[in-house]
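These are my notebook entries from a first reading of one structure. I went from pairs of strands to the whole chain, and then to single residues.

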Amino acid sequence: MDTILTESKKNTVPLVDGAQAARCHLLSEDSLRRMRLLPTSPPVARTAEENGSFTYYFDPNKVKEAPAGYKYGKKLSDTAPSRKGGHAAGEIRRISARQAAAQGLYPKEVLARMYYEPTEAPAAYYIKKSGERVELYDRAACRRLPLPCAKCGGEVRYRAKLCRSCYQTELAKRCAAGDKKRTAYYGMDRSRVLFFDLELTGVYDHDEILSVSIINGNGETVLHTLTRPQRQKRWKRTEKIHGITPEMVKNAPTLADITPQLVEIFNNADRLIAFGTSTDFSHLRRIYNTRDERDRMHGKLLDCATEFAHYVHEHEVELTHLSLTDAMTHFSLDWEGTAHTSLADTDACRKVFETLFPHYFESEAM
Ligand SMILES: [Zn+2]
C-alpha cells in the first residue's frame with residue numbers, strides 16, 4: 001500500500017501553527033501548486049484552519065518539478081507518495097484475481113473470514129466476469145480482529161486457540177492427567193534405570209562425542225569416560241562450556257573403542273533417561289549396526305526435559321527457559337560438583353527426574 005495517505009496516517013502528521021511552518025520554510029499545498037512542484041514524501045506538518053480543515057506542509061527538500069501539463073488533483077496531501085513510492089490518489093490499479101492473491105490483496109469479505117479488517121483505502125481492484133468491481137485491500141495494512149475460541153466459538157481467544165475459560169478447563173484436565181502419570185508407582189529397578197549425558201564438540205550431527213557419563217538410579221557411576229574424537233581436533237566454542245580440552249582427550253579411547261561396553265550397558269537397562277535426548281540419540285544411534293538395535297535403544301529413552309516442560313506448562317510455572325539449571329533451581333535441588341560437567345549434569349538429571357516422578361522406583365503398597 002503506497003499512494004494514499006489514509007485518514008489515520010494523516011492524523012499522525014504533527015500539528016503546528018502558521019508562523020512555525022513559515023519559520024521552517026515549509027511549503028503548503030498552495031505554494032507547491034503555484035511553483036508547479038510535487039512532493040516526493042508525505043506532509044511533515046499541518047495547521048488547523050478555522051473551518052476545521054487542515055493545511056498540509058511539505059519539506060522543501062523533498063519536492064520535484066511537476067511534469068509538463070501535470071494536472072493537480074484536489075488534495076496534494078493525498079498524492080504525495082509514501083516511502084515505497086507509487087501511484088497517485090484515486091488511481092488504484094486494476095489487477096487480475098491471481099495477481100491479487102500473489103500480492104496479498106484481498107476483498108473485504110475474504111479478509112473478514114480471515115479475521116482481518118482493512119484500515120486503509122483499497123490498493124487495487126479487479127473486475128469479475130459479471131462486470132462487478134471488487135476492491136482489494138492490503139492484508140499487511142489490516143487490523144487483526146479478535147479470534148473466537150476454537151472450542152466454544154464464543155469468547156475471544158486467550159491461549160492455544162481457546163478462550164480463557166476453555167483453556168483453564170483443558171489445562172485442568174491435562175494437569176490432572178500429568179499429575180496422575182507423575183505420581184504413579186512404576187516399581188522400576190534402580191540399578192536398571194540409567195541416566196546419561198554426553199558432552200559434544202558441537203551441536204551438529206557431524207560433531208563428535210567428548211565424554212560419556214552414565215549413572216544408575218542409585219546415583220552410582222556406571223561409566224564415566226572421555227572419548228577422543230576421530231575427525232575434529234579443536235572445539236573452542238564448546239570447550240568454554242564443558243571444559244574438555246584437546247589435551248585432555250589425547251589418550252582417551254575413541255567411541256569405537258568403548259562401543260561394545262556401551263552397547264552392553266544399554267542392553268541391560270530398562271530405561272535410559274537424559275535431559276534432552278534427541279541430540280544425544282542422534283550420536284548414540286551410530287553405535288548400533290542394525291535398525292532393530294537402534295529402535296530397541298530408542299524405545300528405552302525417556303526425555304527428562306520434556307517431562308519437566310509438561311510439568312511447567314501444566315502447573316503454569318512462570319519460567320521462560322527450561323534448562324536443567326532452571327529445573328534444579330525451581331525444585332531447590334543441589335548440584336554435585338560443577339554444573340555442565342558431564343557427571344554433574346547426569347546426577348542433576350537424576351534428581352530432577354526423581355522429583356518429577358517421586359514413586360518411579362517404588363511399587364504401590366498392597
Ligand atoms: Zn471457549
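**Entry 1: a first pair of strands**

In which sense do strand 7 and strand 10 pair, and over how many bridges? I looked this up before anything else, keeping in mind that the model is a predicted one, and I found that strand 7 (residues 105-106) and strand 10 (residues 133-138) pair in the antiparallel sense, over two bridges. For one of the partners I noted that Tyr 106 has its bridge partner in strand 10, namely Tyr 137.

Strand 10 also takes part in another pairing, since four bridges join it to strand 9 (residues 124-127), and these two strands run antiparallel. Here I wrote down that Tyr 126 stands opposite Val 134, which belongs to strand 10. Strand 9 and strand 10 form a hairpin with five residues between the strands, and in this hairpin Gly 131 takes a positive phi near 95 degrees.

**Entry 2: a three-stranded sheet**

I then turned to an open sheet, which is formed by three strands in the order 1-4-3 with antiparallel pairing. Its edge strands are strand 1 (27-28) and strand 3 (45-48), each of which pairs on one side only. Looking at one of these edges, I found four bridges between strand 3 and strand 4 (residues 54-58), again in the antiparallel sense, and in strand 4 the residue Phe 54 is the bridge partner of Ala 48.

**Entry 3: the chain as a whole**

How many helices and strands does the protein chain have? I counted on the assignment for this, and it gives 14 helices and 16 strands. The radius of gyration is 34 Å, well over the 21 Å that the globule rule gives for 366 residues, so the chain is more spread out than a compact globule. Along the principal axes, the C-alpha atoms fill a box of roughly 90 × 55 × 50 Å.

The domain assignment gives domain 1 (7-79), domain 2 (93-144) and domain 3 (183-366), and I noted that the C-alpha centres of domain 1 and domain 3 lie 68 Å apart. Buried residues make up 24% of the 366 residues. Of the contacts between residues at least 6 apart in sequence, 62% join residues at least 24 apart.

I also checked the confidence, and the mean pLDDT of the chain is 86, with 91% of its residues at 70 or more. Over residues 79-89, however, the pLDDT is below 50, although this stretch has 29 contacts in the model beyond near neighbours in sequence. I keep a caution beside this entry, that where pLDDT is low the predicted coordinates should not be read in detail.

**Entry 4: helix 12**

Which residues of helix 12 are buried? In this helix (residues 304-314) I found Cys 304, Glu 307, Phe 308 and Tyr 311. Seen down the axis of helix 12, these buried residues fall within an arc of 100 degrees, so they line one face of the helix. They pack against helix 7 (164-182), strand 15 (271-274), strand 16 (301-303), helix 13 (324-330) and helix 14 (342-356). Just after helix 12, I noted that Glu 316 takes a positive phi of about 50 degrees.

**Entry 5: around helix 13 and helix 14**

The loop between helix 13 and helix 14 holds Ser 332, and Thr 338 is found there too. Is Thr 338 buried or exposed? With 11 other C-beta atoms within 10 Å, Thr 338 is exposed, because a residue with 12 or fewer counts as such. Thr 338 and His 242 are 96 residues apart in sequence, yet their C-alpha atoms are 9.7 Å apart in space. Ser 332 is exposed as well, with 7 other C-beta atoms within 10 Å, and its phi is positive, about 50 degrees, although it is not a glycine.

In helix 14 I looked up Leu 343, which counts as partly exposed with 17 C-beta neighbours inside 10 Å. Not counting residues up to four places away in sequence, Leu 343 touches Ser 213, Thr 221, His 224 and Gly 337.

**Entry 6: Arg 36**

Last, I went back to the loop between helix 3 (29-35) and strand 2 (37-39), where Arg 36 is found. Its phi is near 55 degrees, a positive value in a residue other than glycine, and with 12 C-beta neighbours inside 10 Å Arg 36 counts as exposed.

Technical notes
Residues are numbered from 1 along each chain as its sequence is written. This is a predicted model: local features need pLDDT of at least 70, side-chain atom pairs count only at pLDDT 80 or more; totals for chains, interfaces and linings use all residues. Domain bounds come from an automatic or database domain assignment. Two strands pair if DSSP finds at least two bridges between them. A residue is buried if 20 or more other C-beta atoms lie within 10 Å of its own, exposed if 12 or fewer, and partly exposed in between; C-beta atoms are placed from the backbone. The arc is that of the directions from the helix axis to the C-beta atoms. Two residues are in contact if their C-beta atoms, placed from the backbone, lie within 7 Å. pLDDT is the predictor's confidence in each residue, from 0 to 100. The radius of gyration is taken over C-alpha atoms; the globule rule is 2.2 Å times the number of residues to the power 0.38.
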